[in-house]
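Biologist: I would like to go through this structure one question at a time. Please give the reasoning before the result.

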Amino acid sequence: MRDAMLDMVFWEGHVVDSYEERADGSLLLHLCEEPSYRPRCGRCGSDCVLLHERRRRLVRERDWFDRRVWLDVPIRRLDCYHCGARAAERLSWLDAGERITHRLRAWVEALVKILPIAHVAQLTGLHWHTIKRIDQRRLQAQHGAFEAQGVRRLVMDEFALHKGHRYATVIMDAERMRVLWVGEGNSRAAVRPFFQLLGKQGCQRIEAVAMDMNTAFDLEVRAHCPSAEVVYDLFHAVARFGRDVVDRVRVDQANALRSAPAQRKVIKRSRWLLLRNRDNLGSEQAVKLDELLAANAPLATVYLLKTAIKEIWFAPTVREGARRWKDWYRMAIDSGIAPAIAFAKRLRKYLRGILASAIFPLNTSVLEGVNNRIKVIKRMAYGFRDSAYFFLKIKDAFPGKAR
């Protein structure tokens, strides 16, 4: 039964001569050359009959059910009369110098798409670095080359690379939802290589770029893509308003109620109640929010401003967006709340990019999804020591939609 199974396995140019069970339960197959097979030169690929030397190599094959499988393979070094080289023969199932077969490599490549490297190492018995090398070679072949043909709209954002305020920048094709480039840093110098790769003609094709209110990104886009319109993202503006205004007013109101511990406690614990969207609140949380806003006028005012600012980005035309901006700006100034006034004045400098959302309805919400996926990839690997490999994993997770 076992002999019949072994005869079904085929390694081009070789046949199973014998096998043995090893002490660890694995199976060792001794291969020999098939007499009718003509070896090919590993340098030029030509048929070659002159043998220089023969060596044996221990090679790992894909598991058979619960058995580890090893191959004892004779490797011939040929004296090629076509190219004059002395090179190891070319095998269709084993790369030169490798100690794992193509079948095992394909199995590993499939596993690392869904499992952490540590788990694949435990499952296959291969070393962690071997699996990483296999995966990195696959990723480099698929995503190593920069390709941005036909790209017209971009989305740029940053994400935390390591602890200690170390960031990286990711740039995506807004139409195909494909990650084009990932690089360390979030400065002008850090993102400049992307535009250099894009080239002069590629930069001229860019008509809009969505980003947060990052001055470095803004200046670099305007320097390389003079015809592109910068579109500032709603998500970051609302998040910034929540941190700089809503949270600041909440803390100030809590500090003003030191003489009323019960009321102060309610306001101190209302942070996420105020920052979350009302649509994401449960019925009980919504009731608590309404009671809080009814009891505290400053919090009610900034909460209303947080809700109203979103309408500027959803304006159907630039003219309507400008009208909504004027109403919101006047409301913020008339509120008399210092954090709200300061925020409104800062935001006024970015008005053109805000109103551009009426022409180019872009936003970086898709990149927030990318950032969440990046965190998952990082957790699966327990962090990455090799940034280049990490960036390839990110590009592999977002290959884009087919045209």
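**Cysteines, strands and helices**

Modeller: One point to start: this is a predicted model. The structure holds zero disulfides.

Biologist: Why does C32 form no disulfide?

Modeller: A disulfide is a covalent bond between the sulfur atoms of two cysteines. Two cysteine sulfur atoms count as a disulfide within 2.5 Å. The closest cysteine sulfur to that of C32 belongs to C48, and it is too far for a bond because the distance is 20 Å.

Biologist: How far is the sulfur of C83 from the closest cysteine sulfur?

Modeller: C83 is partly exposed, at a relative accessible area of 38%. The closest cysteine sulfur to that of C83 is in C80, too far for a bond, at 3.7 Å.

Biologist: How is the chain as a whole built, and what is its radius of gyration?

Modeller: The secondary structure comes to 16 helices and ten strands. For 403 residues the globule rule gives 22 Å, and the chain is well over that, so it is more spread out than a compact globule. Its C-alpha trace spans about 95 × 55 × 35 Å along the principal axes. The radius of gyration is 31 Å.

Biologist: What share of the residues counts as buried?

Modeller: The accessible surface of the chain is about 21,700 Å², and 52% of that belongs to carbon and sulfur atoms. Buried means under 20% relative accessible area. Of the 403 residues, the share that counts as buried is 44%.

Biologist: Which residue of β4 stands opposite L29?

Modeller: L29 has a partner on another strand too: Y19 stands opposite L29 in β2. Strand β1 (residues 14-21) runs antiparallel to β2, with seven bridges joining them. β2 also pairs with β4, in the parallel sense, over four bridges. In β4, the residue opposite L29 is L71.

Biologist: Is strand β2 mostly covered or mostly open, and how many of its residues are buried?

Modeller: β2 takes in residues 27-33. In its hairpin with β1 there are five residues between the strands, and G25 takes a positive phi near 90°. β2 is mostly covered, and the number of its seven residues that are buried is six.

Biologist: Which residue in the turn between β7 and β8 has a positive phi?

Modeller: Strand β7 (residues 166-173) and β8 pair in the antiparallel sense over six bridges. One bridge links A168 to E184 in β8. The two strands form a hairpin with four residues between them. The turn residue with a positive phi, of about 55°, is M177.

Biologist: Is M177 buried, partly exposed or exposed?

Modeller: M177 is in the loop between β7 and β8, and it is not a glycine despite its positive phi. Strand β8 (residues 178-184) is mostly covered, with six of its seven residues buried. The relative accessible area of M177 is 28%, so M177 is partly exposed.

Biologist: Where is F65, and what is its relative accessible area?

Modeller: F65 is in the loop between β3 (51-64) and β4 (67-79). Its phi is near 55°, a positive value in a residue other than glycine. F65 is exposed, with a relative accessible area of 80%.

Biologist: Which residue has a side-chain oxygen within 2.9 Å of the backbone nitrogen of A216?

Modeller: A216 is one of the buried residues of helix α6 (residues 215-224). What covers the buried residues of that helix includes β6 (153-162), β7, α5 (188-205), β9 (208-211) and β10 (229-232). The side-chain oxygen at the start of α6 comes from N214.

Biologist: What is the relative accessible area of E220?

Modeller: E220 is in helix α6. Leaving aside neighbours within four places in sequence, E220 is in contact with R188, V191, R192 and F195. E220 is buried, and its relative accessible area is 0%.

Biologist: How far apart in space are E89 and F314?

Modeller: E89 lies in the loop between β5 (86-88) and α2 (102-111). E89 counts as buried, at 6% relative accessibility, and among the residues it touches are H14, Y37, R40 and R76. E89 and F314 are 225 residues apart in sequence, and their C-alpha to C-alpha distance is 65 Å.

Methods
Residues are numbered from 1 along each chain as its sequence is written. This is a predicted model: local features need pLDDT of at least 70, side-chain atom pairs count only at pLDDT 80 or more; totals for chains, interfaces and linings use all residues. Side-chain values use heavy atoms; hydrogens and water are left out. Buried means under 20% relative accessible area, exposed over 50%, partly exposed in between (1.4 Å probe, protein chains only). Two strands pair if DSSP finds at least two bridges between them. Contact means heavy atoms within 4.5 Å. A polar contact is a pair of N or O atoms within 3.5 Å; within protein, one must be able to donate a hydrogen and the other to accept it, and residues adjacent in sequence count only if both atoms are side-chain atoms. The radius of gyration is taken over C-alpha atoms; the globule rule is 2.2 Å times the number of residues to the power 0.38. Accessible areas come from the Shrake-Rupley method with a 1.4 Å probe; for residues, only the protein chains shown count as cover.
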